[in-house]
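The following note is offered to a colleague who is meeting this structure for the first time. Please read the numbered points with the sequence and the model at hand.

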Amino acid sequence: MERPLVAVGGVIFYGKKVLLVQRSKPPNKGSWAIPGGKVEFGETLMEALIREMKEELNVIVEPKELLGVVEIIKEGFHYVILDFICEIKSGEIKAGSDALDARFFSLEEMGKIPISPTTIEMIKKYFEGEKIPLFITEISK
């Protein structure tokens with residue numbers, strides 16, 4: 001890959017828990033992550049976010065605000081991910097295309113599953129009331 005790819009993520013809260021999906025593909029295959037995916041050519045960020053949440057979770061969401069910008073450089077990938085807080089407008093959560101499973105986790109539970117430390121850091125900072133958007137980088141070469 002010669003350039004970073006732009007991706008979006010949908011952060012869905014239920015009280016003090018956040019919805020995560022278990023990834024079926026690299027990077028971080030088998031780990032839990034914020035649901036989302038790549039922005040397609042000609043697609044706006046919001047269009048991509050709504051499409052990805054429908055594909056991965058079987059729900060229609062309304063994006064509310066930008067939570068954070070996460071840059072991941074690992075396993076031969078370079079992504080710049082814009083994570084938006086979303087509200088579910090319709091549908092029932094069900095793991096879809098790129099997800100093996102989908103569940104809500106508390107911060108404590110997140111510490112016991114395979115998950116990117118950047119995801120835990122972002123959610124922890126949000127719960128601690130840090131100013132958003134947050135900017136976080138994960139590099140592993």
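1. Is Lys124 buried, partly exposed or exposed? Lys124 has a relative accessible area of 42%. Because the partly exposed class runs between 20% and 50%, Lys124 counts as partly exposed. The residue belongs to helix 3. Its C-alpha atom lies 9.9 Å from that of Ser106, and 18 residues separate the two along the chain.

2. Before further details, the status of the coordinates should be stated: this is a predicted model. The values discussed in this note are accordingly computed from a prediction.

3. The secondary structure comprises three helices and nine strands. In sequence order the elements read β-β-β-β-β-α-β-β-β-α-α-β. Among the elements named below are helix 1, at residues 45–57, strand 7, at residues 77–91, and helix 3, at residues 117–127.

4. As to overall dimensions, a compact globule of 141 residues would be expected to have a radius of gyration near 14 Å, and the protein has 14 Å, so the two agree. The C-alpha trace extends over about 40 × 35 × 30 Å along its principal axes. Of the 141 residues, 42% count as buried.

5. The fold relies on contacts between distant parts of the sequence to the following extent: of the contacts joining residues at least 6 apart, 67% are between residues at least 24 apart. One pair of residues remote in sequence is Tyr79 and Val6, which are 73 residues apart along the chain, while their C-alpha atoms are 5.9 Å apart in space. Tyr79 is part of strand 7 and, with a relative accessibility of 10%, counts as buried.

6. The surface may be described next. The protein exposes about 7700 Å², of which carbon and sulfur atoms supply 53%. There are 19 positive and 22 negative charges, and the mean positions of the two groups are 2 Å apart.

7. How many aromatic pairs does the protein contain? The count comes to six. A pair of aromatic rings is described by the distance of the centres and the angle of the planes. For Phe13 and Phe127, the ring centres are 5.5 Å apart and the planes stand at 55 degrees, so this pair is tilted. It connects distant parts of the chain, since Phe13 is in strand 2 (residues 13–14) and Phe127 is in helix 3, 114 residues away.

8. A further tilted pair is formed by Tyr126 and Phe127, with 5.9 Å between the centres and 55 degrees between the planes. Phe13, Tyr126 and Phe127 together make up one aromatic cluster. Phe127 is partly exposed at 21% relative accessibility, and Tyr126 is partly exposed at 27%.

9. Thr119 is another residue of helix 3. Is Thr119 buried or exposed? With a relative accessibility of 9%, Thr119 counts as buried, because the limit for that class is under 20%. Apart from neighbours within four places in sequence, Thr119 is in contact with Leu20, Ile34 and Met110.

10. Met46, in helix 1, is partly exposed at 32% relative accessibility. Leaving aside neighbours within four places in sequence, Met46 is in contact with Pro63 and Phe84. Between Met46 and Ser106, which are 60 residues apart along the chain, the C-alpha separation is 26 Å.

11. Two features of the backbone deserve a reader's attention. Which peptide bond is cis, with omega near 10 degrees? It is the bond from Ile132 to Pro133. Pro133 is located in the loop between helix 3 and strand 9 (134–140).

12. The other backbone feature concerns Asn58, which has a positive phi of about 65 degrees although it is not a glycine. Asn58 sits in the loop between helix 1 and strand 6 (59–74). At 28% relative accessibility, Asn58 counts as partly exposed.

Conventions. Residues numbered from 1 in each chain as written. Predicted model: local features only at pLDDT ≥ 70, side-chain atom pairs only at ≥ 80, totals over all residues. Heavy atoms only, no water. Helix = DSSP H or I, 4+ residues; strand = E, 2+ residues; numbered from the N terminus. Rg over C-alpha atoms; globule rule 2.2 N^0.38 Å. Buried < 20%, exposed > 50% of the residue type's maximum accessible area, 1.4 Å probe, protein only. Contact = heavy atoms within 4.5 Å. Areas by Shrake-Rupley, 256 points an atom, 1.4 Å probe, with all protein chains shown as cover. Lys, Arg positive; Asp, Glu negative; His and termini not counted. Charge placed at Lys NZ, Arg CZ, Asp CG, Glu CD. Phe/Tyr/Trp six-rings, centres within 6.5 Å; stacked < 30°, edge-to-face > 60°.
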